[in-house]
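User: I would like a close look at a single part of this model, followed by one connected account of its surroundings.

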Amino acid sequence: MGATLGFGVDIGGSGIKGGLVDLDAGKLHGERLRIPTPDPSKPDAVADVVKQIVDEFGWSGTVGVTLPAVIKRGIAHTAANIDKSWLGTDAAALFAERLGLGGEDVVVLNDADAAGIAEINYGSPQDREGVVVLLTFGTGIGSALFRDGKLVPNTEFGHVEVDGHDAETRAAASVKEENDLSWHEWAKRVTRYVRSLEDLIWPDLIIVGGGVSKKADKWLPLLELRTKVVAAELRNDAGIVGAAVAARQGHHG
Ligand code: BGC
């Protein structure tokens, strides 16, 4: 028997990535395709790229799509690191129309929630116990909160206010790059941020994801936290995999 396949597209500030997903194994089935995010990242231009990616694979089934935004019933309610014209856009309806699919066949959800779904479904079984939060460090900071493996969607913990600042403007991985911070300097900021979060939600486990989790050995040991912290097992493709899982399960953000 062949693998059960799904399809996921992960929309980020710099790239839009998609591919076939092996839903049994929880990983990409073959190569993924990445196309730079149009600038400006307006809904119509982004939807064209999503269609281009889906067409490239000749896929005609259910599609899961992530956005770096709060998504409720397919509608985008925030737009921190994408074009502001997403606000109020029915993203699910837009993609379904562009892909020639029915409304039920496209599921849109927050990018960090998708990464979390992938990690919870295919990562270590301990991730499914108690209160677990996945934090993605990239352009911004994304979050996915789980209680015994069940997602509480759209938590947006990257926007907790710490010392009078929106946390992601101080502690995202992009801030480390832009300001040329050392691992030590950046880890101090991450510690300050995650400590505030710990005091609010008291998690049992923190999972860190995003591109910078590939270099976890450089900064995880520098964090001074109460909670156990581990690096995500699924790296770059977690968003694509989680989107495909959500689409398969019909979970709308
Ligand atoms: C957005 C979140 C998103 C995160 C990571 C934040 O700025 O508000 O919705 O999950 O960036 O992309």
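Which backbone nitrogen does a side-chain oxygen of Asn-110 reach at the start of α3?

Analyst: The model is a predicted one. At the start of α3, the backbone nitrogen of Ala-112 has a side-chain oxygen of Asn-110 within 3.0 Å. The helix that begins here, α3, covers residues 111-122, which makes 12 residues. From its first C-alpha to its last, α3 reaches 17 Å, close to the 16 Å expected at 1.5 Å a residue. Most of α3 is covered, with 9 of its 12 residues buried. Among the buried residues of α3 are Ala-112, Asp-113 and Ala-114, and also Gly-116, Ile-117 and Glu-119.

Asn-110 also belongs to the surroundings of the ligand, as does Asp-111. The other residues around the ligand are Pro-68, Ala-69, Ala-80, Asn-81, Ile-141, Gly-142, Glu-156, His-159 and Glu-168. Asp-111, which lies in α3, places a polar side-chain atom 2.5 Å from an oxygen atom of the ligand. For Glu-156, an N or O atom of the side chain is 2.5 Å from an oxygen atom of the ligand. His-159 has a polar side-chain atom 2.7 Å from an oxygen atom of the ligand. The ligand taken alone exposes 310 Å², and the protein buries 93% of that area.

Terms used. Residues are numbered from 1 along each chain as its sequence is written. This is a predicted model: local features need pLDDT of at least 70, side-chain atom pairs count only at pLDDT 80 or more; totals for chains, interfaces and linings use all residues. Side-chain values use heavy atoms; hydrogens and water are left out. Helices (H or I, at least four residues) and strands (E, at least two) are DSSP runs, numbered from the N terminus. The expected span of a helix is 1.5 Å times one less than its number of residues. Buried means under 20% relative accessible area, exposed over 50%, partly exposed in between (1.4 Å probe, protein chains only). A polar contact is a pair of N or O atoms within 3.5 Å; within protein, one must be able to donate a hydrogen and the other to accept it, and residues adjacent in sequence count only if both atoms are side-chain atoms. A residue is near a molecule or strand if one of its heavy atoms lies within 4 Å of it. Accessible areas come from the Shrake-Rupley method with a 1.4 Å probe; for residues, only the protein chains shown count as cover.
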